[in-house]
Amino acid sequence: MFGTVVVGIGITGRVRIRDLLSPLPSSASEKMSIKGFVSRRTLDNQQGVKQITLEEALDREDIQAAIICTENITHEEYIRKFLDAGKHVCVEYPMSLSVAVARELWDLADRKGKVLHEEHIEILTADYKQLKKEVSGKELLEGTLHFTGGPFQPGFGFASFGGIARLTWLVDLFGELTLTAAEMEEQKENKYMKLTAQFLTKEKRPLTWIEERAPGLGRVKNINFRFDSGTLDHIPNGPQEPVGLFMQDLNWFGEKLLGQVNSEQLQVERRRILHCLELADRIKELCQKPAQNNF
């Protein structure tokens with residue numbers, strides 16, 4: 001059994017506690033046992049689970065793993081603390097706001113012999129799985145992914161990191177990308193922002209990612225992928241699945257803890273995550289240097 005602590009009690013943290021208390025039968029999540037939660041606030045018990053201090057979570061020998069559900073800007077600090085204490089770590093995406101830092105953190109995990117797992121529930125949804133099936137085997141000519149939603153909450157980092165789930169979709173669907181241009185439009189008084197990033201696939205096919213945020217904007221993903229065989233202009237509905245997204249991710253983390261995930265799968269996943277963080281870094285760099293947006 002892996003004694004586990006949840007760090008951060010927002011919506012996700014509460015879902016993590018729920019899933020740890022009721023693991024999927026005959027799955028890797030049954031091998032994790034919740035020992036407490038950590039929060040900057042002083043809280044009552046959550047679903048019968050007691051609050052403990054960060055120091056206690058780091059020091060206790062019966063705690064072997066931490067699930068970090070805090071603001072993006074805090075991920076690096078918590079990951080370092082728990083890895084240094086000899087604990088396995090599961091963290092919400094992105095694990096850091098810099099690809100260089102992410103490489104350092106994975107190097108630290110490797111030296112400590114611990115699992116560092118970055119959650120990516122956006123590629124576990126039924127609709128995304130159906131989309132991936134429909135895209136598979138088709139030759140892309142050009143494509144656009146346009147996401148709209150409310151303003152980012154404080155602590156999310158630059159938009160290319162706060163919206164990295166969309167980058168993950170594009171890379172997972174079409175392979176590694178080359179960034180060709182990026183620009184940011186902002187109206188701070190209206191809390192409006194629009195990030196536009198342009199890429200080329202390995203086959204030199206153009207892809208565009210637009211992240212548009214403002215109060216009142218509905219949370220919607222719009223796609224337009226043109227293939228040699230036709231155009232896909234909506235995200236298909238996938239069949240309903242019996243296992244929730246966070247439980248699927250918890251099981252994946254548990255399988256890593258148990259050594260049930262082969263090294264090739266781990267390397268493919270790590271390469272994808274680092275590639276997306278590298279793209280996010282480059283997008284940020286270009287947007288903050290408008291005169292050099294194109295190259």
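**Entry 1: Thr4**

I began with Thr4, whose side chain reaches the backbone oxygen of Phe2 at 3.0 Å. The model I am reading is a predicted one, and I keep that in mind for each entry that follows. I then looked up where Thr4 sits, and found its place in strand β1, which covers residues 2-7. Is Thr4 buried or exposed? Its relative accessible area is 0%, so Thr4 counts as buried, the cut-off being under 20%. Leaving aside neighbours within four places in sequence, I listed the residues in contact with Thr4 as Leu20, Met32, Ser33, Ile34, Lys35, Gly36, Ala65 and Ile67.

**Entry 2: the chain as a whole**

I next stepped back to the whole chain, whose secondary structure comes to nine helices and eleven strands. Taken along the principal axes, the box filled by the C-alpha atoms is roughly 55 × 40 × 40 Å. I wanted to know how the radius of gyration sits against the expectation for a compact globule: for 295 residues that expectation is near 19 Å, and the chain has 20 Å, which agrees.

I also noted that 51% of the 295 residues count as buried. As for contacts, I took those between residues at least 6 apart in sequence, and of these 71% join residues at least 24 apart. The chain exposes about 14300 Å², and carbon and sulfur atoms supply 47% of that area. How many positive and negative side chains are there, and how far apart do the centres of the two sets lie? I recorded 38 positive and 42 negative side chains, with the two centres 1 Å apart.

**Entry 3: the loop between β4 and α4**

Here I followed the loop that runs between β4 (88-91) and α4 (99-112), where Ser98 has its place. Pro94 is found in the loop between β4 and α4 as well, and the peptide bond joining Tyr93 and Pro94 is cis, with omega at about -10°.

Ser98 has a relative accessibility of 18%, and since buried means under 20%, I entered Ser98 as buried. A polar atom of the Ser98 side chain lies 3.2 Å from the backbone nitrogen of Ala100. Apart from neighbours within four places in sequence, Ser98 is in contact with Phe161 and Asp281. I also looked up the pair Ser98 and Leu257, which are 159 residues apart in sequence and, C-alpha to C-alpha, 25 Å apart in space.

**Entry 4: His120**

I turned to His120, which is found in the loop between β5 (116-118) and α5 (126-135). Its relative accessibility is 7%, so His120 counts as buried under the 20% cut-off. Which side chain does the side chain of His120 meet in a polar contact? The partner is Glu122, and I wrote the distance down as 2.7 Å. Not counting residues up to four places away in sequence, His120 touches Tyr93, Thr168, Asp249, Arg272 and Ile273. Tyr93 I had already met in the previous entry, as the residue joined to Pro94 by the cis peptide bond.

**Entry 5: positive phi values**

I then looked for residues with a positive phi that are not glycine, and noted Ser26, with a phi of about 60°. Ser26 has its place in the loop between α1 (11-21) and β2 (32-38). With a relative accessible area of 75%, Ser26 is exposed, because exposed means over 50%.

Lys204 went into this entry too, since its phi is near 65°, a positive value in a residue other than glycine. Where is Lys204 found? I located Lys204 in the loop between β8 (192-200) and β9 (206-213). At a relative accessible area of 60%, Lys204 is exposed.

**Entry 6: Asp233**

My last residue was Asp233, found in the loop between β11 (230-232) and α8 (245-257). The side chains of Asp233 and His234 are joined by a polar contact of 3.1 Å. Once neighbours within four places in sequence are set aside, Asp233 is in contact with Ile223 and Asn224. To close the entry I looked up Asp233 with Thr148, and recorded that the two are 85 residues apart in sequence and 16 Å apart in space, C-alpha to C-alpha.

Technical notes
Residues numbered from 1 in each chain as written. Predicted model: local features only at pLDDT ≥ 70, side-chain atom pairs only at ≥ 80, totals over all residues. Heavy atoms only, no water. Helix = DSSP H or I, 4+ residues; strand = E, 2+ residues; numbered from the N terminus. Contact = heavy atoms within 4.5 Å. Polar contact = N/O pair within 3.5 Å; in protein donor to acceptor, adjacent residues only side chain to side chain. Rg over C-alpha atoms; globule rule 2.2 N^0.38 Å. Buried < 20%, exposed > 50% of the residue type's maximum accessible area, 1.4 Å probe, protein only. Areas by Shrake-Rupley, 256 points an atom, 1.4 Å probe, with all protein chains shown as cover. Lys, Arg positive; Asp, Glu negative; His and termini not counted. Charge placed at Lys NZ, Arg CZ, Asp CG, Glu CD.
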